[in-house]
Amino acid sequence: MSRHIAVLPCDGAGKEVVPEAIKVLRAAGADFEFEEFDVNADAYLRTGVAIPDSIWSELEKADAILFGAVGDPRVPDPEYLAGVLLRLRFELDLYVNLRPAKLYDDRLSPLRREDRRSVDLLVVRENTEGLYVGMGGRFKKGTEHEVAIQEDLNTYTGVTRILEYAFEVARREVVMVDKSNAMTHAGGLWQARWKEVAEANPKLKTRHLFVDAAAMQLVKDPSQFDVIVTGNLFGDILSDLTAELIGGMGIAPSGNINPRSGRGLFEPVHGTAPDIAGRGLVNPIGAILSASMMVRHLGHADMSEAIEGAVESAIRAGECTRDLGGNLSTGECGDAVAKRLRD
Ligand code: GGG
């Protein structure tokens with residue numbers, strides 16, 4: 001059955017990497033119908049609307065969304081970013097943000113110790129709550145008496161469902177990360193739900209780490225980790241760290257999913273990279289691996305593995321962009337992966 005994929009390249013680097021992901025999906029034989037929508041900073045500046053209603057209803061109907069990156073130096077107000085990416089995550093209730101990190105080639109590791117370099121882990125980030133919900137405000141703004149409050153929203157349901165999902169995908173261990181020694185209210189809820197959910201899953205090992213200790217352990221010995229489950233902000237921060245352990249932001253994929261409704265949005269972890277966008281320098285691997293996650297989510301595990309294998313082979317052969325030590329352009333890197341799938 002042909003699937004309908006809504007395509008949102010959006011801005012900057014996103015416009016360069018998404019076509020490469022589609023190129024690779026086609027080479028892998030994906031029987032998908034791709035429909036691109038005009039959601040970007042140009043449209044926002046023209047209309048003042050981040051996602052028009054007519055496009056929103058199409059996005060709701062799609063089998064999945066393939067996303068690039070959103071942001072533009074001409075639109076400094078956070079409303080645009082919130083009106084695109086955060087709206088999609090919140091209103092489609094994409095409560096799981098999956099951020100895998102795998103080291104495909106030892107030479108991409110920044111770590112000195114060979115025996116601790118290996119990385120094959122998954123950050124399961126809560127994606128619809130926490131400090132990202134935008135609750136709070138600024139009182140006496142712009143004066144020396146200004147007060148700024150940012151609320152950290154954590155619900156019984158939200159915390160429970162993300163912890164339960166982590167146990168569904170773990171292979172050997174779930175590590176729950178919080179800062180419950182300092183943030184006692186939110187942390188208290190996470191700890192209580194963690195205790196109960198962990199007890200209900202006795203077949204897997206469990207461990208708790210405070211976020212500062214987790215950051216330290218990730219740099220010290222990332223090979224120890226399988227699944228890390230955490231809140232929205234800590235997940236965002238730790239997954240940038242894990243990206244650097246495998247070659248940098250250009251290579252890191254992600255999936256925003258609702259495992260119950262089946263909805264999903266897949267995007268590279270990187271942003272719009274305005275400093276290098278538009279010159280063929282951007283690494284398309286993060287977007288290509290996000291597309292690989294998308295096809296797995298849609299039930300094509302074999303195709304997903306084939307794409308990942310082609311990416312690994314291209315990286316190991318040095319057929320990649322400059323950030324990974326190669327000398328290919330964005331399009332040539334996409335070609336190198338696509339060719340391996342056709343051959
Ligand atoms: N694909 C990730 C993404 O779009 N993130 C949004 C973001 O960080 N935007 C800011 C920017 O790209 O400068």
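**Exercise 1. Determine which polar atoms of the protein lie beside the ligand, starting from Glu 267.**

Solution. In this predicted model, local features need pLDDT of at least 70, side-chain atom pairs count only at pLDDT 80 or more, and totals for chains, interfaces and linings use all residues. Residues are numbered from 1 along each chain as its sequence is written, and side-chain values use heavy atoms, with hydrogens and water left out.

Step 1: an N or O atom in the side chain of Glu 267 is 2.8 Å from a nitrogen atom of the ligand, which falls under the polar contact rule (a pair of N or O atoms within 3.5 Å; within protein, one must be able to donate a hydrogen and the other to accept it, and residues adjacent in sequence count only if both atoms are side-chain atoms).

Step 2: turning to the backbone, an N or O atom of Gly 68 lies 3.0 Å from a nitrogen atom of the ligand, while a polar backbone atom of Thr 272 is 2.7 Å from an oxygen atom of the ligand.

Step 3: the residues surrounding the ligand (a heavy atom within 4 Å of it) include Phe 67, Val 70, Leu 81, Leu 85, Pro 268 and His 270.

**Exercise 2. Describe how domain 1 meets domain 2.**

Solution. Step 1: domain 1 comprises 1-94 + 252-343 and domain 2 comprises 110-245, with bounds from an automatic or database domain assignment; their centres, taken over C-alpha atoms, are 25 Å apart.

Step 2: 11 residues of domain 1 are in contact with 10 residues of domain 2, contact being heavy atoms within 4.5 Å.

Step 3: about 890 Å² is buried between the two domains, 54% of it from carbon and sulfur atoms, where buried area is the accessible area (1.4 Å probe) that two parts lose on being put together, summed over both. Arg 89, Phe 90 and Arg 260 supply 45% of the area that domain 1 buries against domain 2, more than any other three residues.

**Exercise 3. Identify the salt bridge of Arg 161 and that of Arg 74.**

Solution. Step 1: a salt bridge requires a side-chain nitrogen of Lys or Arg within 4 Å of a carboxyl oxygen of Asp or Glu, and the structure holds 27 of them.

Step 2: Arg 161 pairs with Asp 93, the closest N and O atoms being 2.8 Å apart, and across the interface of domain 1 and domain 2 the rule finds 1 salt bridge.

Step 3: Arg 74 forms a salt bridge with Asp 42, also with closest N and O atoms 2.8 Å apart.
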